[in-house]
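Thanks for asking me to look this one over. Here are my notes, point by point, to read alongside the model.

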Amino acid sequence: MKYQEQCEIVEKIIDHSYLFLKFRTKNIAKNALAGQFVNIRVNNSFTPLLRRPFSITDTEGDTLSLLILLKGKGTEALFGKKIGDFLDIIGPLGNSFPLINRRAIFVAGGVGIAPFFFLSKTISSGLLLFGVKSKEYLPELSAYSSSFSEVKIASEDGSSGKKGTVIDLLSEYDLSDKVVYACGPNPMLRAVSKILRDCAQVEAYYSIETIMGCGFGVCKGCAVETPSGQYKLACTDGPIFSWNEVKL
Amino acid sequence: MKAPLKIGSLSFRNRVLTASGTFGMGKEFSDFLDYSQLGGITLKTITKNPRQGNPPPRILETPYGLLNSIGLENEGFQKVYQDLKKNDYLRQYDTNVIFSLAGDSVEDYVEMARFFCEIEGIAMLELNLSCPNVHEGGATFDSNPENVKRIVEETAKTVSKPFTVKFSPSQDFVKNSRIAEYSGAHAITISNTFLGMAIHAKTKTFVFKNKTAGYSGPAVKPMALANVYRAAQAVKIPVIASGGISSAEDASEFLIAGASFISIGTLNFVDPGLAGKIAKEIE
Ligand SMILES: Cc1cc2nc3c(=O)[nH]c(=O)nc-3n(C[C@H](O)[C@H](O)[C@H](O)COP(=O)(O)OP(=O)(O)OC[C@H]3O[C@@H](n4cnc5c(N)ncnc54)[C@H](O)[C@@H]3O)c2cc1C
Ligand SMILES: Cc1cc2nc3c(=O)[nH]c(=O)nc-3n(C[C@H](O)[C@H](O)[C@H](O)COP(=O)(O)O)c2cc1C
């Protein structure tokens, strides 16, 4: 079941380049699974016209949290919202991360960290590998409820953690018999795939981002190509795909 | 003067419909909307052969508008017909289900219309003539008035359920509307999306593989209003308005322009509950 609800902002934190918003929902939070997303109407006017999709970062009872990176006009409008404002949200949308009984490695690039706080509460004792451009893109991890067994950070300019990318962190691990969950920009996911191709018996799932219209399978605007040249929809077939199911 | 709440012999609860391609195959909005609040729902256009659609990107947001180049992704006539034969889920909806179809030839339209008329859950058909005719180098069917005449005449002879004919705003829709009327159509739909385009100036490339795309949303409303007015002046059969409707006020404007019914398209994506709210407000 999907819901369209007017949700009140109950908490707002601007954290480095990120916006953390917590909403009170009626049904969305209670029915959400890790990996699912919501589609938000950021303004009641038509600027912008379409909703904006965001991964569910956490739920607690009837509250829903999102982690939003400032990008363009839609996210900018969200940065301007205040506690007590109501936003029109639809969700929970899309599929969820499959739960695999193996040691988990979460690979996050930038705001790609968003779905993993929620997932870590179901799959506890996973290892988080987190790559950011610089420390300005590193959210205050301790502010989010999560249960990663270990966290390793890489930054491109070396301002936080190891100097390098999340791929440098990942390449230090033997991935056979592990499950990898990855979310981040497409170039990062492609680099993860390159590593995966050399491992035997690896299982991996990506949460992918596309331009999206409705978010619930109607407009067919968020098509992603499969290796056989067919199309899948990021909103209803995904956003979680097995790593070799889609071409990025 | 109020237009009757009827198309052919089919009665409607109210004047609010949803537009094809923006309402899926009917199931997708059931969590958001009580369909019994609506006059009718129009399903995604089904083509003779399955179509996998265009490569991404398929949509682009513009100020107050939307460009789409979906490529009529659908499972094709055979599959959809067989599935409905087995399980006519459309029967459960307490509203008029309008089934939209498009062929690759004049004969395809007539054949598909005949088959889908057998499905009890389908109350009415929409012949989408604003889609490319592969036998005429990709020009839309409605670019040739002779096609309009033949498709409508043959369909009218063959099927027992009412049907509307949906036109492109880029063709001579006034002339086409007259032809549709005297050839036996029960209504006309004005109109499909406008011809649009998007280009990346930086890379000097076209955004969409097909270069052009369909333009819809609030931005097109003034053009749609003028087109509906012109078509409604030309024919006596009901005109179903489509283009940029986003509120009860918009809906009223189209009714004043001469439409008998209004359909909500792009705005279903923005507010999936909107059609129900508009229906309540314009009562
Ligand atoms: C399933 C899913 C989950 C997501 N989760 C998060 C999240 O948790 N946190 C977060 O910060 N962002 C997330 N994103 C990306 C987020 O939706 C975009 O950053 C946002 O839509 C940009 O909107 P804008 O108006 O600020 O940017 P603009 O650049 O002005 O947007 C213009 C258009 O492009 C689209 N668009 C632009 N960039 C992206 C992108 N990277 N991905 C998808 N669409 C884009 C917009 O939807 C819009 O249609 C997610 C995207 C998807 C599909
Ligand atoms: C994503 C998308 C898909 C569409 N698909 C179809 C279709 O399959 N058949 C059709 O007749 N019209 C299709 N249309 C056109 C709409 O039914 C409608 O006529 C048009 O968008 C104008 O109305 P609007 O401005 O309210 O969207 C589509 C429009 C959009 C935006």
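1. Let me begin with the site of ligand 2. Residues from both chain A and chain B surround ligand 2, so this site is shared between the chains. Please also keep in mind throughout that the model is a predicted one.

2. Which residues come nearest to ligand 2? Among the 26 residues around it, they are B:Ser20, B:Thr45, B:Ser242, B:Gly244 and B:Thr266. Strand 7 (65-68) and strand 9 (124-128) of chain B each bring at least two residues to the shell around ligand 2. By class, that shell holds 16 polar residues, seven nonpolar and three charged.

3. Some polar contacts of ligand 2 are worth a look in the viewer. From B:Asn128, a polar side-chain atom lies 3.1 Å from an oxygen atom of the ligand. The backbone takes part as well: a polar backbone atom of B:Gly217 is 2.9 Å from an oxygen atom of ligand 2, and one of B:Gly243 is 3.4 Å from an oxygen atom of ligand 2. Ligand 2 exposes 610 Å² when taken alone, and the protein buries 97% of that area.

4. Now for ligand 1. Here too the site is shared between chains, because residues from chains A and B surround ligand 1. The residues around ligand 1 number 22, and the closest of them are A:Pro53, A:Lys71, A:Gly74, A:Thr75 and A:Thr210.

5. The polar contacts of ligand 1 include backbone and side-chain partners. An oxygen atom of ligand 1 has a backbone N or O atom of A:Pro53 at 2.6 Å, and a polar backbone atom of A:Gly72 is 2.7 Å from an oxygen atom of ligand 1. With A:Glu209 the partner is a polar side-chain atom, which lies 2.9 Å from a nitrogen atom of ligand 1. On its own, ligand 1 has 840 Å² of accessible area, of which the protein covers 86%.

6. How big is the largest pocket, and what lines it? Its volume is about 1500 Å³. There are 46 lining residues, and A:Leu69, A:Lys71, A:Val111, A:Glu209 and A:Thr210 are the closest to the pocket centre. You will have met some of these names already: A:Lys71 and A:Thr210 are also among the closest residues to ligand 1, and A:Glu209 supplies the side-chain contact to a nitrogen atom of that ligand.

7. The lining of the largest pocket draws on several elements. Those of chain A that each supply at least two residues include strand 4 (52-55), strand 6 (63-69), helix 1 (73-79) and helix 4 (186-196), and strand 6 (59-62) of chain B does so too. Strand 4 of chain A gives the largest share, four residues. By class, the lining has 25 nonpolar, 13 polar and eight charged residues.

8. There is also one cavity of 30 Å³ or more. The largest cavity has a volume of about 60 Å³. It is lined by 13 residues, with B:Thr42, B:Glu126, B:Thr189, B:Ile240 and B:Ser263 closest to its centre. Strand 3 (16-18), strand 10 (163-167) and strand 16 (239-242) of chain B each contribute at least two residues to that lining. The lining residues divide into seven polar, four nonpolar and two charged.

9. Turning to salt bridges, a search of the whole structure finds 27 over all chains. One to inspect joins the side chains of A:Glu8 and A:Arg24, at 3.9 Å from N to O. A:Glu8 sits in strand 1 (residues 3-15) and A:Arg24 in strand 2 (residues 18-24) of chain A, so the pair ties together parts that are 16 residues apart in sequence.

10. Finally, some backbone details that I would check by eye. Most peptide bonds are trans, and most residues other than glycine have a negative phi. The bond from A:Thr47 to A:Pro48 is cis, with omega near -5°, and A:Pro48 is in the loop between strand 3 (37-41) and strand 4 of chain A. The bond from B:Pro56 to B:Pro57 is cis as well, with omega near 0°; B:Pro57 belongs to the loop between strand 5 (46-47) and strand 6 of chain B. A:His16, which is not a glycine, has a positive phi of about 55°, and it is found in the loop between strand 1 and strand 2 of chain A.

Terms used
Residues are numbered from 1 along each chain as its sequence is written. Chains are lettered from A and ligands numbered from 1 in the order in which they are written. This is a predicted model: local features need pLDDT of at least 70, side-chain atom pairs count only at pLDDT 80 or more; totals for chains, interfaces and linings use all residues. Side-chain values use heavy atoms; hydrogens and water are left out. A residue is near a molecule or strand if one of its heavy atoms lies within 4 Å of it. A polar contact is a pair of N or O atoms within 3.5 Å; within protein, one must be able to donate a hydrogen and the other to accept it, and residues adjacent in sequence count only if both atoms are side-chain atoms. Accessible areas come from the Shrake-Rupley method with a 1.4 Å probe; for residues, only the protein chains shown count as cover. Ala, Val, Leu, Ile, Met, Phe, Trp, Tyr, Cys and Pro count as nonpolar, Asp, Glu, Lys and Arg as charged, and the others, Gly among them, as polar. On a 1 Å grid over the protein atoms alone, a cavity is a set of points where a 1.4 Å probe fits but cannot get out, and a pocket is an open set with protein on both sides within 12 Å along at least five of seven lines; lining residues have an atom within 4 Å of a point. Grid points are joined across faces, edges and corners, and a volume is the space filled by probe spheres set on the points. A salt bridge is a side-chain nitrogen of Lys or Arg within 4 Å of a carboxyl oxygen of Asp or Glu.
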